[in-house]
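Thanks, everyone. I'll keep this brief. Have a look at the sequence and the model first, then I'll walk through it.

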Amino acid sequence: MWIPEEIENYCIDHSTRPGLVAQELEAHTRQEVHGSNMLIGEMEGAVLKFLLKINQAKTVVEFGTFTGYSALVMAEALPQDGKLYTVDINPDTTKLARSYWDRTDVGHKITQILKPGLEALSELNGKYDLIFIDADKRNYPQYLQWATEHLSERGIIVSDNTLWKGKVVHPAEDTQTPFIQEHNTLAKNLEGFTKVLLPIRDGMYLLYRG
Ligand SMILES: C[S@@+](CC[C@H](N)C(=O)[O-])C[C@H]1O[C@@H](n2cnc3c(N)ncnc32)[C@H](O)[C@@H]1O
């Protein structure tokens, strides 16, 4: 987090809040699930929702479901016939995710793909309005490459954790940093995209085709 907690909380308080089930899912994840700091949280969720709404997005692909919070928040911003495909390898967290989605009136929009991200790519043959990259860091460059080929005409790619706790600037002993840096360099050099790397939470890299 790059801004003081009380300022972030003030921002969250003045932004569109997630639904009650999503709030419950966040609380449950933070209390009960190992690795809960992976969850995007309300600030980032509000930004994703905003992007989906202004782009009138109907289709989303997400790499990295975890307990399903980001998928649920995004599904809330899709129309009734919207579709969100979310990919993860962890059967336990995805099962928990489905149990929460099923308690909402947006869960029907979400399709789970339980397999490694790179293997899932061949099943995802469409064009998508928003692609959210938030799974294994070492494959970020491949996910980004795939995303540029499967993005709709005015689509948006969002890559999470692209500041990697600041290590992208001063690489520490960390095997993942080079992959994030490679992703960021690829993103920076993409032609035909408008780009902004925002210091929201752990870094949100937004790439708009247009
Ligand atoms: C940062 S978490 C996703 C958080 C989620 N988007 C949210 O905000 O609630 C990353 C997820 O990537 C998954 N993951 C790790 N390696 C993967 C792989 N090779 N393919 C697909 N998912 C993977 C992990 O199981 C984990 O649930």
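**Two positive phi values, one ligand shell**

I'll start in a loop. N161 sits in the loop between β5 (151-160) and α8 (177-188). Its phi is positive, about 60°, although N161 is not a glycine. Keep in mind that this is a predicted model.

Is N161 buried or exposed? Count the neighbours. The cut-off for buried is 20 or more other C-beta atoms within 10 Å. N161 has 22 of them, so N161 is buried.

There is a second case. F66 also has a positive phi, near 50°, and F66 is a residue other than glycine. Where is F66? In the loop between β1 and α4. Apply that cut-off again: F66 has 24 other C-beta atoms within 10 Å, so F66 is buried.

F66 takes us to the ligand. Which residues come nearest? Of the 19 residues around the ligand, they are M38, G64, F66, S70 and D136. Two elements, α4 (69-76) and β2 (83-88), give two or more residues to that shell. By type, the shell holds 9 nonpolar, 7 polar and 3 charged residues.

Now the strands behind that loop. β1, α4 and β2 form a β-α-β unit, and the unit is right-handed. Strand β1 covers residues 59-63, and 4 of its 5 residues are buried. β1 and β2 run parallel, joined by 5 bridges. To find that pairing on screen, take V60: its bridge partner in β2 is L84.

β1 has another partner. Strand β4, residues 128-133, pairs with β1 over 4 bridges, again in the parallel sense. Here, look at V61, whose bridge partner in β4 is I131. So V60 pairs into β2, and V61 pairs into β4. One general point fits here. Side chains in a regular strand alternate between the two faces of the sheet.

Let me zoom out to the whole protein chain. How many helices and strands does the chain have? There are 8 helices and 7 strands. The C-alpha trace spans about 40 × 40 × 30 Å along its principal axes.

What about the radius of gyration? For 210 residues, a compact globule would be near 17 Å. The chain has 16 Å, so the two agree. Buried residues make up 42% of the 210.

Last, the contacts. Take those between residues at least 6 apart in sequence. Of these, 70% join residues at least 24 apart.

That's my tour. Over to you.

Terms used
Residues are numbered from 1 along each chain as its sequence is written. This is a predicted model: local features need pLDDT of at least 70, side-chain atom pairs count only at pLDDT 80 or more; totals for chains, interfaces and linings use all residues. A residue is near a molecule or strand if its C-beta atom, placed from the backbone, lies within 6 Å of it. Ala, Val, Leu, Ile, Met, Phe, Trp, Tyr, Cys and Pro count as nonpolar, Asp, Glu, Lys and Arg as charged, and the others, Gly among them, as polar. A residue is buried if 20 or more other C-beta atoms lie within 10 Å of its own, exposed if 12 or fewer, and partly exposed in between; C-beta atoms are placed from the backbone. Two strands pair if DSSP finds at least two bridges between them. A crossover is right-handed if, with the strands pointing away from the viewer, the path from the first strand over the helix to the second runs clockwise. The radius of gyration is taken over C-alpha atoms; the globule rule is 2.2 Å times the number of residues to the power 0.38. Two residues are in contact if their C-beta atoms, placed from the backbone, lie within 7 Å.
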